[in-house]
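Work through the exercises below with the model open in your viewer. Try each task before reading its solution.

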Amino acid sequence: PVDCGFTSIRSPSQKMAPIRRALIVCDVQADVLKSLFAIGSGSTTPETSRAAFLDAVRSCILASVACPLEADKPLIVFSGLQFAPGYKEVHEDHCLFGSLKRLNGKVGDRAVHFFMRGFDGSSIDADLVDVVSKFGGKHAVVMRQTHLPTSELSEHLVDITDVTVVGCKASQSVQATVQYVADHHPGIDCSVVAEALADYSRQRLEAIVEHLLPMYCRVASIEEYVEATCGLEKFAQALALEGRSPANVKFLVDCERGGHFSLYAHHLLHENGSQWLMYPTQKWYEDIFRSKQYLCPLGKRVVGFCGEPQFSEVAMFIKGREFLDDKVKLLKYAEDFMPETIVFNGDCVMSPCRDDSSGPWFVKASDKNGGKAIQIAAGRDESLRLAASQYTSQPGEVYAIQRHISNPHLIDGRKW
């Protein structure tokens, strides 16, 4: 299997043994999901935050059971809280669950049944269980009546070499589970997947992931988990076979191609009531001649908006856009409508210029936009020296040198 950090701390004797994985999914129950995502995160709606989280957990399960690299499919263990009617197992002074016991004693089971057996709120999310069944995976359900896991969990970890934990309540259930594995199964390599964790506040989640969980386990990205369990190509095939997209959420993918994508993404992510969230990337291919790596959405998934048009439902690029983006190409078609322009490519200066008066002049990398890579010079000669200096440090770059328009047309006092 691909070593993405999931086997890096195994002892020599462990590395000789076959890898047997287990994925523990904590507290994905209706009662938890309802309270955990009662409010959104920032400008994102609660429905969008919940759908994105469940999609990340679903991806981890899919990677585990669809096309695993090992002969034995990983075991999926759904862990959750479930109490008897009347909270019989709970002491009324318990710091976490005692309030449920006391309130239930006053108003009864019909009014207070959080995590109570016999009520739908204590059930594991059915869609996640269906993923395991659809691909012929193995799963177990372990319900507890305590904050910490019990020996019942250990029964399912016999012969397991690698455990990954995902799910709800990173500061409670997830933390308790990784601590339990560290204490009771020190030979097991333990990790969590950052994108597949949730908590009651973003600040708490970030603190737990950054500072607490690394004390007990490795914090991996979802791309690392997918690559270690089934491989990126097989995951893409499984994702296409499943053919399911989450409702109430639209995904953005930044493939680091530059351009205007970041401007659009910022607006979509921060719009009030936004349904847009960032989606993880993976390696797509590498241009060995340019020593450049290109990215695409995890699983080569087609998403709502992506910097690579092939994977985007909405196209950011239109045919012929290069004649607007590249100032040298634009000059060929619109010279009569542009200020005096010089094209500098190291040793060649094109386009006539009448004089050196009426500065300033702008030196721009021809293929950059969005106000980036612009320098200002007092006159034409100085701008040429500036371009020559830049060219020395970045050979092959082409610069467009333009005179400032002293009286530009403005709309509401702004350039357009």
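Four exercises follow, each with a worked solution.

This is a predicted model: local features need pLDDT of at least 70, side-chain atom pairs count only at pLDDT 80 or more, and totals for chains, interfaces and linings use all residues. Residues are numbered from 1 along each chain as its sequence is written, and side-chain values use heavy atoms, with hydrogens and water left out.

**Exercise 1.** Determine how H7 and H8 are oriented to each other.

Solution.
- Take helix H7 (residues 170–184) and helix H8 (residues 202–212). Helices are DSSP runs of H or I, at least four residues, and strands are runs of E, at least two, numbered from the N terminus.
- The axes are 10 Å apart, at an angle of about 25°. Axes are lines fitted to C-alpha atoms, for helices over the stretch in contact; angles run from 0 to 180 degrees between N-to-C directions.
- Angles under 35 degrees count as roughly parallel. H7 and H8 are therefore roughly parallel to each other.
- H7 contributes Ala170, Ser171, Gln172 and Gln175 to the contact, and H8 contributes Arg204, Leu205, Ile208 and Leu212. Contact means heavy atoms within 4.5 Å.

**Exercise 2.** Find which strands stand at the edges of the sheet.

Solution.
- Write down the order: S8-S7-S11-S12, an open sheet of 4 strands with parallel pairing. Two strands pair if DSSP finds at least two bridges between them.
- Strand S8 (276–278) and strand S12 (312–314) each have a single partner strand, so one side of each lacks a neighbour in the sheet. These are the edges.
- The twist averages 50° from one strand to the next.
- Check one pair: strand S7 (residues 250–253) and S8 pair in the parallel sense over 3 bridges. Phe251 stands opposite Leu277 in S8.
- Add helix H3 (residues 46–65), which packs on the sheet and touches S7 and S8. The direction of H3 makes about 35° with that of S8.

**Exercise 3.** Is Val65 buried or exposed?

Solution.
- Locate Val65 in helix H3.
- Read its relative accessible area: 0%. Val65 is buried (under 20% relative accessible area; exposed is over 50%, partly exposed in between; 1.4 Å probe, protein chains only).
- Leave aside neighbours within four places in sequence: Val65 is in contact with Lys73, Ile76, Val131, Val132, Phe135 and Gly137.

**Exercise 4.** Identify which side chain joins that of Asp189 in a polar contact.

Solution.
- Start in strand S5 (residues 189–197), where Asp189 is found.
- Asp189 counts as buried, at 5% relative accessibility.
- The partner is the side chain of Arg218, at 2.6 Å. A polar contact is a pair of N or O atoms within 3.5 Å; within protein, one must be able to donate a hydrogen and the other to accept it, and residues adjacent in sequence count only if both atoms are side-chain atoms.

Notes: Parallel < 35°, antiparallel > 145°, perpendicular 65-115°, else oblique.
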